[in-house]
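Good morning, and thank you for the time. I would like to go through one model with you, beginning with a term that the packing analysis relies on.

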Amino acid sequence: MSSFVKTRFAPSPTGYLHIGGLRTALYAYLVAKHNDGKFVLRIEDTDRERFVADGTMNILKSLYWAGIIPDEGVMFNANQNIIQTGDCGGSYIQSERLDIYKKHADELVANGHAYYCFCDSARLDELRQFQQLNKLPTGYDGHCRDIDPAEAKKRVQAGEKHVIRMKMPKEGETVFNDEIRGEVRIKNELVDDQVIVKSDGFPTYHLAVVVDDHEMEISHIIRGEEWLSSVPKHLQLYKYFGWDAPRMAHLPLLLNSDKSKLSKRQGDVAVMDYVKKGYLKEAVINFIAFLGWNPGTEKEIYFMDELINDFDLSHVGKSGAVFNLQKLDWYNKEYIKSLPLVDLVERAKPFFADLGIQLNKNDEELSRIFALERERVTTLAELPEAVKFVFELPNYGASLLIWKKSSVEELKNIFSKLSELLNSIDEKDWTKQNLEIRIGEWIKENSYSVGSVMWPLRVALSGQENSPGPFEIAEVLGKQESMSRITIAINK
RNA sequence: GGCCCCAUCGUCUAGUGGUUAGGACACCUCGCUUUCAAUGAGGUAACACGGGUCCGAUUCCCGUUGGGGCUACCA
């Protein structure tokens, strides 16, 4: 076996990509990239009841948004069509690999490692109820395990409804080494004779995952902790097929604030929810990367390429991590503050479009406007509301103009003189720096208190109780609009 | 119920057989300041419990408790 690293993310298209799934995908991606290996995307759509038609596309787009691009397997092209690359002897979509699973299942039956089971769901339900009632361990009782194989085959050929179950040894113990948890041992007698082929002919996860990971030459299985207890089944299948098992890493779960498994009930869990809310991919990636992993240093800000450099499974923790929105918000603010303005403009535009707002300004103007508020918003979705006052002066009450330590008389006096001063400033000198100097000097000359000038000026320009400083706003607004807003204030 | 996994500030976490148990978010105080934000300086706050082992345990072992996962012809 070569030491080439190949990881995979293998989601089910049951609706949308879960934020926990994104983290699993990220870790798998990082392990592959850190080791100059390959990252495979496979679609596990063997559950026809939960299948959602555009589920695959949603997953692919969510991953693409986050910058997690597969090297092999399922992806989409410029025309938004789902395509595949790579050679694993078939499709990377499980529903298109049925013959492969059938071949392997038949092989197990032929070798006596699996058997046909004719128990219907009524009997199984009854069995489970009985076990639960009598506080017995639940599980299949082996009812069909010892049916004569020749007879079973006849019944199958006669069209009798059936599934295929793998034979789990009744004795011994399965011991394996998890990359994160270390040695784990589970007694074989406690492990069920798992159904590996359903009555509809589709494989269950357990068969499909083993066959595919082998045929796709996956070196590291990286998945959620919920799979830990089914590892003995998988290992047994590898043994039956005579294959080497990949290395395995079972990641700790993402939790709600009450420590239960992260769920829809307690907040947004779909990656697209966070996209729509205006979180930056850099923030989301940085945040989820740190939910369970850390570099062992005090560096908190990590871009994808830095994660690829430093990520290491050995630094992944064992305990579940609470998904803490406050920390995500902090990361998002950090990235919004540090994003180049041109990028900020590009990424913010869709949030205006979503609200039906026409941005009749060029990018240059927009970047100046957005720069005004970028330190004040936590998400891109907040930006339209935050910069609204630039486009249209809000209607505010006249009393807002009066600074707490000032009076109406003083205000009127100051404003009329201020208006003259501003009018005397040439349009080409209408810059933040220049205005600050001129008005500063003027305040000093007249011995005004700073607030008695700055507060009303800022309110006049912004129409808001809270806003950026008056000079920044004035520069963005330009002389004409600024003067018009001051006139409006004076008239109030 | 059975099996498996886990346990350091409220949250994400670093860390060690002997440390003032470190950082980040959040929170609080102060500074800057026309407001908000940003920012600077501080602060509150943790080794779940009980037994061992050891000169010495937060660290190693066992147990308890707590939390989580699995226990499907779902993944």
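Two residues are taken to be in contact if their C-beta atoms, placed from the backbone, lie within 7 Å. Please keep in mind throughout that this is a predicted model.

With that term in hand, let me start at helix H14, residues 383-391. The buried residues of H14 are Leu383, Pro384, Val387, Phe389 and Val390. They pack against helix H12, which covers residues 341-354, and against H13, H17 and H18.

H18 deserves a closer look. Helix H18 runs over residues 470-491, 22 residues in total, yet its end C-alpha atoms are only 19 Å apart. A straight helix would reach 32 Å at 1.5 Å a residue. Where, then, is the kink in H18 centred? It is centred on Gly478, with an angle of about 115 degrees.

The buried residues of H18 are Pro470, Phe471, Ile473, Ala474, Val476, Leu477, Ser482, Arg485, Ile486 and Ala489. The cover over these buried residues includes helix H13 (363-373), helix H14, helix H15 (408-424), helix H16 (432-446) and H17. H14 and H18 thus appear in each other's packing lists.

Let me now step back to the chain as a whole. Chain A has 18 helices and 13 strands. Its radius of gyration is 32 Å, well over the 23 Å that the globule rule gives for 492 residues, so chain A is more spread out than a compact globule. Along the principal axes, the C-alpha trace of chain A spans about 105 × 50 × 45 Å. Of the 492 residues in chain A, 34% count as buried. As for the contacts in chain A between residues at least 6 apart in sequence, 74% join residues at least 24 apart.

I turn next to the RNA. How many residues surround RNA strand B? There are 62, and the closest are Asp47, Val195, Lys261, Ser319 and Gly469. The elements that give two or more residues to this surface are helix H4 (121-133), strand S8 (182-187), strand S13 (321-322), helix H11 (325-338) and helix H17 (450-462). H17 supplies the largest share, five residues. H17 is also among the elements that cover the buried residues of H18. By residue type, the surface near RNA strand B divides into 20 nonpolar, 22 polar and 20 charged.

Some individual loop residues remain. Two have a positive phi without being glycine. The first to mention is Lys259, with phi near 75 degrees. Lys259 is placed in the loop between strand S12 (254-255) and helix H8 (271-276). Is Lys259 buried or exposed? It is exposed, because 10 other C-beta atoms lie within 10 Å, and a residue with 12 or fewer is classed that way.

The other is Ser447, whose phi is about 55 degrees. Ser447 sits in the loop between H16 and H17, and with 6 C-beta neighbours inside 10 Å it counts as exposed. Measuring C-alpha to C-alpha within the model, Ser447 and Glu72 are 71 Å apart in space, and they are 375 residues apart in sequence.Val52 lies in the loop between strand S2 (38-41) and helix H2 (55-66). With 14 C-beta neighbours inside 10 Å, Val52 counts as partly exposed. Not counting residues up to four places away in sequence, Val52 touches Pro13, Thr14 and Gly15. From Val52 to Ile222 the C-alpha separation is 24 Å, and these two residues are 170 apart in sequence.

Finally, Ala245 is found in the loop between helix H7 (231-241) and strand S11 (247-251). Ala245 is partly exposed, with 17 other C-beta atoms within 10 Å. Leaving aside neighbours within four places in sequence, Ala245 is in contact with Leu235 and Tyr238. Ala245 and Leu235 are ten residues apart in sequence, with 6.8 Å between their C-alpha atoms.

Thank you; I am glad to take questions.

Definitions and conventions
Residues numbered from 1 in each chain as written. Chains lettered and ligands numbered in written order. Predicted model: local features only at pLDDT ≥ 70, side-chain atom pairs only at ≥ 80, totals over all residues. Near = placed C-beta within 6 Å. Helix = DSSP H or I, 4+ residues; strand = E, 2+ residues; numbered from the N terminus. Nonpolar A, V, L, I, M, F, W, Y, C, P; charged D, E, K, R; others polar. Rg over C-alpha atoms; globule rule 2.2 N^0.38 Å. Buried ≥ 20, exposed ≤ 12 C-beta atoms within 10 Å, placed from the backbone. Expected span 1.5 Å × (residues − 1). Bend = angle between axes of the 7 residues up to and from the residue.
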